[in-house]
Amino acid sequence: MTGPHVDRTQDCSVLAVDLGGTKITVGAVHPDGTVTGKRTIPTGAERGPEAILADLVSLLGCLHAEVPDAVLIGIGSAGVVGPSDGSILSATDAIPGWAGTPLATHVTDRMGLPAYALNDVHAHALGEARRGAGDGRASMLMVAVGTGVGGGFVQDGQVLVGHRAVAGHVGHIPVPEAAGLPCTCGRSGHLEALASGPATRAAYLRAGGELGDTEDTREVVRRAEAGEQLALEVLTTGARAVGRSIGALVNVLDPEIVVLSGGMAGAGELWWQAVHEGVALEAMDRVAGTAVVPATAGADAALLGAADFSRDRARTESIHADHTDA
Ligand SMILES: [Zn+2]
């Protein structure tokens, strides 16, 4: 028999991590959703997993000294993350050698606090669903269009991870406009190869546009808004493909709301208009009115999601432990 269980995990502060190919951010997420002690360092991905883990543990150590009452660690990480043990099952070249890293176990051992890990885009979607534009909605599809194209489907506060933890790879569905374009996944003709930020810039150059030394996709957006026909065509072709893909996903998943985030979602009215046109082309009548809106959780979305994920996991484990004790 067990006494009344005091659940400290739902109202606790969490040391949260957003670990991507270019930078690592940590911050303490408090029960009211505020984030304190945020610090960001470059990932230095080329140095390999051991150096990255050492930096991460050191960052978390500093943060924990500031927020000693934090009792959990939540990590959103690049790569496909094993749902049971928080290890990295596979990863792209963004972090060479990252696959096989026992991320959550390593951090748990070094920090002496339970750590839980999920994919960074899943964390982002969860944060947006619970603390952003999806707040109060029964289900939400997030699509993030930035350096890559990713997404996540959240229903009843749970992000769909999938049987092999790969769910949500919205960038890797075929779109006719991308036919023949090589994709980061090794295949071709996928949405990401046409509509991500870098892909939009590349499409502009392929079509004969000249950008000189400018690496920034925003220059294409600026020219489109200034009325340049080529830039306008490139931008709207990508955005319409995003919209058509969303329309198809809405037909499959029927989310209450669709939320768009990432750099391209900040590209302005022309981009949004083309997305809405694309959705209208594909969404079936019953779901044609599904709201498609900008994200609102901001830059901390993945930290917030990782924190909530760790609270949920810790609570589930403590319930199981109670039942075992009894
Ligand atoms: Zn692909």
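This text walks through a predicted model, from its domains to selected loops and a helix pair.

Start with the overall division. The chain splits into domain 1, covering 14–124 + 300–325, and domain 2, covering 136–296. Domain 1 is thus written as two segments, with domain 2 lying between them in the numbering. The centres of the two domains, taken over C-alpha atoms, are 27 Å apart.

Next, look at where the domains meet. Ten residues of domain 1 are in contact with twelve residues of domain 2. On the domain 1 side, two elements give two or more residues each: β5 (80–81) and α3 (120–131). Of these, α3 gives the most, with three residues. The chemistry of this side is uncharged: six residues are nonpolar, four are polar and none is charged.

Now turn to G100. This glycine sits in the loop between β6 (88–90) and α2 (103–111). G100 has 12 other C-beta atoms within 10 Å. The limit for an exposed residue is 12 or fewer, so G100 counts as exposed. S87 lies 13 residues away along the chain, yet the C-alpha atoms of G100 and S87 are separated by 6.7 Å.

Two aspartates deserve a look at their backbone. Most residues other than glycine have a negative phi. D156 departs from this pattern, with a positive phi of about 50°. D156 belongs to the loop between β9 (149–155) and β10 (158–159). There, D156 is exposed, because just 7 other C-beta atoms lie within 10 Å.

D254 also has a positive phi, near 50°, without being a glycine. D254 is found in the loop between α7 (229–253) and β11 (257–261). D254 has 14 other C-beta atoms within 10 Å. That count is above the exposed limit of 12 and below the 20 needed for burial, so D254 is partly exposed.

The helix before that loop, α7, leads to the last stop. How do the axes of α7 and α8 cross? They come within 6 Å, and the crossing angle is roughly 40°. Angles under 35 degrees count as roughly parallel, and the roughly perpendicular range begins at 65. The pair falls between these, and α7 and α8 are therefore oblique to each other. Their crossing is right-handed. The contact of α7 with α8 draws on 13 nonpolar residues, together with six polar and four charged ones. Charged residues thus take part in this helix contact, whereas the side of domain 1 that touches domain 2 has none.

Key: Residues numbered from 1 in each chain as written. Predicted model: local features only at pLDDT ≥ 70, side-chain atom pairs only at ≥ 80, totals over all residues. Domains from an automatic or database assignment. Contact = placed C-beta atoms within 7 Å. Helix = DSSP H or I, 4+ residues; strand = E, 2+ residues; numbered from the N terminus. Nonpolar A, V, L, I, M, F, W, Y, C, P; charged D, E, K, R; others polar. Axes fitted to C-alpha atoms, helices over the stretch in contact; angles between N-to-C directions. Parallel < 35°, antiparallel > 145°, perpendicular 65-115°, else oblique. Left-handed = near helix turned anticlockwise from the far one by under 90°.
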